[in-house]
Amino acid sequence: MLQLIDVRTGYGRSQVIHNVSIEVPSDGVAAVMGHNGAGKTTLLRAAVGLLKCTSGKVVLHGEDVTKMRPSARVKRGLAYVPQGQQSFGQLTTAENLQVVADGRKNGKQLIDEQLDLFPALKELLTRRAGLLSGGQRQQLAIARALITSPKILILDEPTEGIQPSVVAEIEAAITALTSRGDLGVLLVEQHIGFALESAQQYYILEAGRVTSSGTGGSASEADVRAAMAI
C-alpha cells in the first residue's frame, strides 16, 4: 500500500499541506476530495516526489521513499497521471504508447493489455494525440501509466471536462484494475458520485488538512456533501 504519514509540504515558505495522513490499499481505491485550492494536487506531487516533504513520511509497500527521486519511486511501482489529459500531441496514439513500452521485454503485451482495457483507443492508433478528444486523451494518459506495471496508480482529476460516457468507461476500467488484487489507486476527484462509487475509503481535504474521512460507496454521498457543505 501507499501511506502518507503526517506529511507537510508546500512551495517555498508557503506551507500548503499540514500533517496529512492517508492510506491507499494495495487492491482498492482511496479518494481525496475537496474544493479548488484545498491542496489536493500538492498532496499528490508530494506523494510522487515532485515536491519535497518538509516533515512526515511517504511509505510505499513498507519502504520509506520520502527522500527518493520520482524516477526511483516509479521503479518501485508508483505511476502518476497528472491533471489535464497530458500526452505528446505531435505523436500518434500508438507512438505515445510505444514511447513508454520501449525497453520493456513484454512491451507489446503491455500495450495490448491497455488497448483491451480502453478499446476505443484501438480505432485511434494512427491519429495524433493532439487531435483526440479530452476523454480519449485521458484514456491514453492512463494507458501510458499502466504500461509501467504500477502497484499504485495516482490519478489527478481524471474526469475533468470529460463527457459522461467516457467517465463511465474510466470508472469501469478502475474497477476492473483493482479487482485483480494487485493494484491500488489514489484518486483525486471533484465528481463526488464517481469518487465514492470507485473508492473503499475517502478523505476530504480543506485548506491542506484532512477534515473528514470515511468508508466509500454511494451511501456515503450525503455525509460527504455535508462535510464539504455542498
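**Exercise 1. Find which residues line the largest cavity, and which strand gives the most.**

Solution. Step 1: list the lining. Gly34, His35, Ile204, Leu205, Glu206, Ala227 and Met228 line the largest cavity. A cavity is a set of points on a 1 Å grid over the protein atoms alone where a 1.4 Å probe fits but cannot get out; lining residues have an atom within 4 Å of a point.

Step 2: note the model. This is a predicted model, where local features need pLDDT of at least 70, side-chain atom pairs count only at pLDDT 80 or more, and totals for chains, interfaces and linings use all residues. Residues are numbered from 1 along each chain as its sequence is written, and side-chain values use heavy atoms, with hydrogens and water left out.

Step 3: find the strand. E9 gives the most to this lining, with three residues. Helices (H or I, at least four residues) and strands (E, at least two) are DSSP runs, numbered from the N terminus.

Step 4: sort by class. The lining of the largest cavity has four nonpolar, two polar and one charged residues. Ala, Val, Leu, Ile, Met, Phe, Trp, Tyr, Cys and Pro count as nonpolar; Asp, Glu, Lys and Arg count as charged; the others, Gly among them, count as polar.

Step 5: give the volume. The largest cavity has about 30 Å³. A volume is the space filled by probe spheres set on the grid points, which are joined across faces, edges and corners.

**Exercise 2. Follow E9 to its partner E10.**

Solution. Step 1: count the bridges. Six bridges join E9 to E10, and the two run antiparallel. Two strands pair if DSSP finds at least two bridges between them.

Step 2: pick one bridge. Glutamine 201 has threonine 215 in E10 as its bridge partner.

Step 3: look at the turn. E9 and E10 form a hairpin with two residues between them. Alanine 207 in that turn has a positive phi of about 50°.

**Exercise 3. Place these strands in their sheet, and name its edges.**

Solution. Step 1: read the order. The open sheet of six strands runs E6-E7-E8-E3-E9-E10, with mixed pairing.

Step 2: find the edges. E6 and E10 (209-215) each have a single partner strand, so one side of each is left without a neighbour in the sheet.

Step 3: check the twist. Neighbouring strands of this sheet are turned by 15° against each other on average, direction ignored. Axes are lines fitted to C-alpha atoms, for helices over the stretch in contact, and angles run from 0 to 180 degrees between N-to-C directions.

Step 4: look at one pair. E6 and E7 (residues 152-156) pair in the parallel sense over four bridges. In E7, leucine 155 is the bridge partner of valine 81.

**Exercise 4. Show where helix H1 sits.**

Solution. Step 1: start with the six-stranded sheet. H1 (residues 40-48) packs on it, touching E3, E6, E7, E8 and E9. Contact means heavy atoms within 4.5 Å. The direction of H1 makes about 150° with that of E6.

Step 2: turn to the other sheet. An open sheet of four strands has the order E2-E1-E4-E5, with antiparallel pairing. H1 lies across E1, E2 and E4 (55-60), running at about 115° to E1.

Step 3: ask how covered H1 is. Seven of its nine residues are buried. Buried means under 20% relative accessible area, exposed over 50%, partly exposed in between (1.4 Å probe, protein chains only). Among the buried residues of H1 are Leu43, Leu44 and Val48.

Step 4: step past the end. Just after H1, glycine 49 takes a positive phi of about 100°.

**Exercise 5. Describe the largest pocket and the second largest pocket.**

Solution. Step 1: give the volumes. The largest pocket has about 370 Å³; the second largest has about 160 Å³. A pocket is an open set with protein on both sides within 12 Å along at least five of seven lines.

Step 2: view the largest pocket. Its lining has 16 residues, of which Tyr80, Val81, Pro82, Arg144 and Ala145 lie nearest its centre. E6 gives the most, with four residues. Twelve of the lining residues are nonpolar, three polar and one charged.

Step 3: view the second largest pocket. Helix H4 (residues 107-117) gives the largest share of its lining, four residues. Here six are nonpolar, two polar and three charged.
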